[in-house]
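Okay, thanks for coming, everyone. Let me put the structure up and then walk you through the parts I picked out.

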Amino acid sequence: MSTAVVEDDIAAWRSAVTTGGAVTSADADELESHLRDQIGELRAAGLAADEAFLVAVKRLGRVDVLTAAFAREHSDRLWKQLVLTHTADAATPARLPVRMGAFAVVAAVLLDAAQALARFTPAGEVVLRDLGFFVLPVLAAYFVAVRWTPWRRVALLAAPVVVVAVAVTLYPFRPGGDTELLVAAHLPVLLWFVVGAAYLVGAARGLRRMDFVRFSGEWAIYLVLIGLGGGVLVGLTGLVLAPITSSAPDALSTWVIPAGAGGAVIVAAWLVEAKKNVIENLAPVLTAIFTPLFAAMLLVAAAVYAAFGVGRDFDRDLLIVFDVLLLVVLALVLYGLSARDPLRPAGAMDAVRTTAVVAALLLDLLVLGSMLARIGELGLTPNRVAALGLNLLLVVDLAVTAWLSIRLLAGRSTADRLERWQTAYLPVFGAWAAVVVLVLPPAFGFA
Amino acid sequence: MYCNAWQYEGRNVDKDLVAAMASPLVLAILAEGDSYGYAILKRVRELSDDELEWSDGMLYPLLHRLERSGHVRADWSASPEGRRRRYYAITDAGRSQLADQRRQWQTATRTLGGIWDRTVPGALGTA
């Protein structure tokens with residue numbers, strides 16, 4: 001048997017191992033090197049080339065067992081191929097989109113119902129406050145449905161939603177008061193954690209929190225893309241119909257846009273899972289573009305504030321801007337981490353990320369200082385408690401992240417350690433959103 | 001936790017025990033000097049007199065796990081025959097992990113050693 005035939009065998013074996021994505025090309029290089037070492041030794045012992053190949057392959061282990069072992073170890077790679085295995089497992093692959101369509105219709109109808117309630121009943125502002133209830137539980141239910149989550153777990157997922165819904169409905173809010181606005185702002189966050197639980201609990205394989213972070217980022221990108229396309233479609237439809245009926249643009253913005261937005265929430269979730277490779281290639285690029293830009297912006301802001309101090313006009317609106325900025329930075333860091341190959345040594349991107357985190361930490365300390373001064377001066381209000389709590393959580397998160405990032409850069413810690421800190425800390429934000437929604441309103445007399 | 005990391009194929013040692021041994025064994029081999037997958041496996045065979053037998057491929061996910069947790073470092077470099085090879089080296093974190101695991105294994109063997117001779121005479125007879 002000639003060596004050329006063995007080369008073909010090795011190439012065939014290699015392509016079998018890399019199919020599925022759990023074994024990367026670099027891993028295959030390593031395994032192939034092993035295979036060739038083994039073949040070389042067996043041939044030196046007197047075996048023919050083809051016999052040596054067969055023995056060496058047998059010693060490496062069955063390809064499916066081997067790739068499964070790689071997939072267990074590198075579950076971040078598994079992410080890419082969940083869909084493949086889902087459709088392979090399902091008896092009828094076409095069912096997934098059908099269910100997706102059904103849930104998208106439900107979300108669309110619910111949002112139009114919310115719109116009707118808001119326009120034609122006195123409950124307008126209440127609907128606005130509870131908007132999250134019209135969409136996100138549908139998304140959670142969608143995950144329950146496509147993953148065949150057991151009923152006991154469904155009950156565990158539904159219980160918090162019901163508790164929060166009952167509490168928020170029964171609370172005697174002062175209309176338009178601060179606590180009601182706080183609930184409106186924090187309810188979607190709280191419900192997003194329920195979506196996360198539904199996403200992770202029902203998964204057939206051990207998905208990790210980082211997978212939901214990844215899902216969230218890609219879902220947001222798809223939602224924006226669908227929104228852009230939808231905006232063009234609705235705008236053109238309005239222009240085309242305007243000569244015929246003057247009420248067309250109004251009807252479109254009243255009924256079509258909310259329905260489209262509700263449906264898009266579900267469709268985006270489906271797309272994330274169904275078309276993984278598309279955004280998976282796009283999202284790390286976006287993160288790589290915006291992390292340095294945000295780092296530069298934060299550095300400039302930190303330098304300016306350090307040089308000129310915090311002016312008297314560091315008021316509530318600016319505080320909100322800063323909170324949003326810090327959350328965006330945190331999201332970039334978290335998302336950048338989720339897209340990072342945990343085995344890669346610290347590089348330039350980690351240095352940029354560390355810079356952004358340290359600058360964000362400095363800014364957050366400034367914000368906290370200013371906030372504490374305001375509270376000392378003017379006393380506690382629901383808004384200040386909510387902002388103070390959020391900023392304290394952010395400071396802790398950013399400080400530990402900065403510390404671990406610096407250690408990672410110094411080669412004294414691993415990206416894995418940083419990732420574990422980030423994912424372990426996430427539920428704290430959910431718990432705080434629950435406190436703001438459930439505890440703060442009664443504590444301040446629903447003001 | 002990673003019981004399946006190395007598949008057990010031999011008849012002499014229970015597979016859970018093999019899985020538990022795998023990571024200290026690899027770390028200890030790397031503490032002798034930098035090495036690569038194929039050579040590590042040869043050393044394992046040598047040390048165990050061929051009584052521990054794994055399917056070779058399973059070594060690599062284990063090495064990658066050790067790398068991810070910072071216990072070993074890996075670098076590509078050329079083998080003497082000019083092929084690309086991934087060489088592994090133990091890190092300081094790996095050394096302290098190894099020391100820790102060594103202490104645990106010593107406790108285990110001492111504990112068992114204290115009772116073997118009294119209750120199960122001859123069970124340790126060499127194979």
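I'll take chain A, then chain B, and finish with where the two chains touch.

One thing before we start: this is a predicted model, so please keep that in mind throughout.

Right, chain A. What is chain A built from, in helices and strands? There are 19 helices and zero strands. Chain A has 447 residues, and 32% of them count as buried. Now, look at the contacts in chain A between residues at least 6 apart in sequence: 79% of those join residues at least 24 apart.

Let me show you one spot that illustrates contacts across the chain. Go to Ala264(A), which sits in helix α13, residues 248–274 of chain A. Is Ala264(A) buried or exposed? We call a residue buried if 20 or more other C-beta atoms lie within 10 Å of its own. Ala264(A) has 23 within that distance, so it is buried. And who is around it? Setting aside neighbours within four places in sequence, Ala264(A) is in contact with Leu223(A), Ile226(A), Gly227(A) and Gly230(A). There's also Ala104(A), 160 residues away along the chain, with its C-alpha atom 7.1 Å from that of Ala264(A).

Next, a pair of helices in chain A. In general, two packed helices are described by the angle between their axes and the distance between the axes. So here are those values for α11, residues 178–201, and α18, residues 415–438, of chain A: the axes come within 8 Å and cross at roughly 140°. For the angle, over 145 degrees would count as roughly antiparallel, and this one falls in the oblique class. α11(A) and α18(A) are therefore oblique to each other, and their crossing is left-handed.

Which residues meet there? From α11(A) you have Leu182(A), Val183(A), His186(A), Leu187(A), Val189(A), Leu190(A) and Phe193(A). On the α18(A) side, they meet Gly430(A), Ala433(A), Ala434(A), Val436(A) and Val437(A). Sorted by class, that contact has 10 nonpolar residues, two polar and no charged ones.

Okay, over to chain B. Here we do have a sheet: three strands, open, in the order β1-β3-β2, with antiparallel pairing. Why do β1 (35–36) and β2 (72–78) of chain B each have one side without a neighbour in the sheet? They stand at the edges with a single partner strand each, so one side of each is left free of a neighbour. Helix α1 of chain B, residues 15–32, packs on this sheet and touches β1, β2 and β3 of chain B. The direction of α1 makes about 95° with that of β3(B).

Now the pairing itself. β1(B) is joined to β3(B), residues 84–90, by two bridges. Ser35(B) stands opposite Tyr88(B), and Tyr36(B) stands opposite Tyr87(B). β2(B) is joined to β3(B) by seven bridges. On that side, Ala74(B) stands opposite Tyr88(B), while Asp75(B) has Tyr87(B) as its bridge partner. If you follow the hairpin of β2(B) and β3(B), there are five residues between the strands, and Gly82(B) takes a positive phi near 90°.

Chain B also has a helix pair to look at. The axes of α2, residues 37–48, and α3, residues 59–68, of chain B come within 11 Å and cross at roughly 110°. That makes α2(B) roughly perpendicular to α3(B). In this contact, Gly37(B), Ile40(B) and Leu41(B) in α2(B) meet Leu59(B), Tyr60(B) and Leu63(B) in α3(B). By class, we get five nonpolar, one polar and no charged residues.

Last stop, the interface. How many residues of chain A are in contact with chain B? There are 23, and they contact 20 residues of chain B. On the chain A side, the elements giving two or more residues are α2 (25–44), α3 (49–60) and α4 (63–73). α2(A) gives the most, with nine residues. By class, the chain A side divides into eight nonpolar, six polar and nine charged residues.

That's my tour. Happy to go back to any of it.

Notes:
Residues numbered from 1 in each chain as written. Chains lettered and ligands numbered in written order. Predicted model: local features only at pLDDT ≥ 70, side-chain atom pairs only at ≥ 80, totals over all residues. Contact = placed C-beta atoms within 7 Å. Helix = DSSP H or I, 4+ residues; strand = E, 2+ residues; numbered from the N terminus. Nonpolar A, V, L, I, M, F, W, Y, C, P; charged D, E, K, R; others polar. Pairing = 2+ DSSP bridges. Axes fitted to C-alpha atoms, helices over the stretch in contact; angles between N-to-C directions. Buried ≥ 20, exposed ≤ 12 C-beta atoms within 10 Å, placed from the backbone. Parallel < 35°, antiparallel > 145°, perpendicular 65-115°, else oblique. Left-handed = near helix turned anticlockwise from the far one by under 90°.
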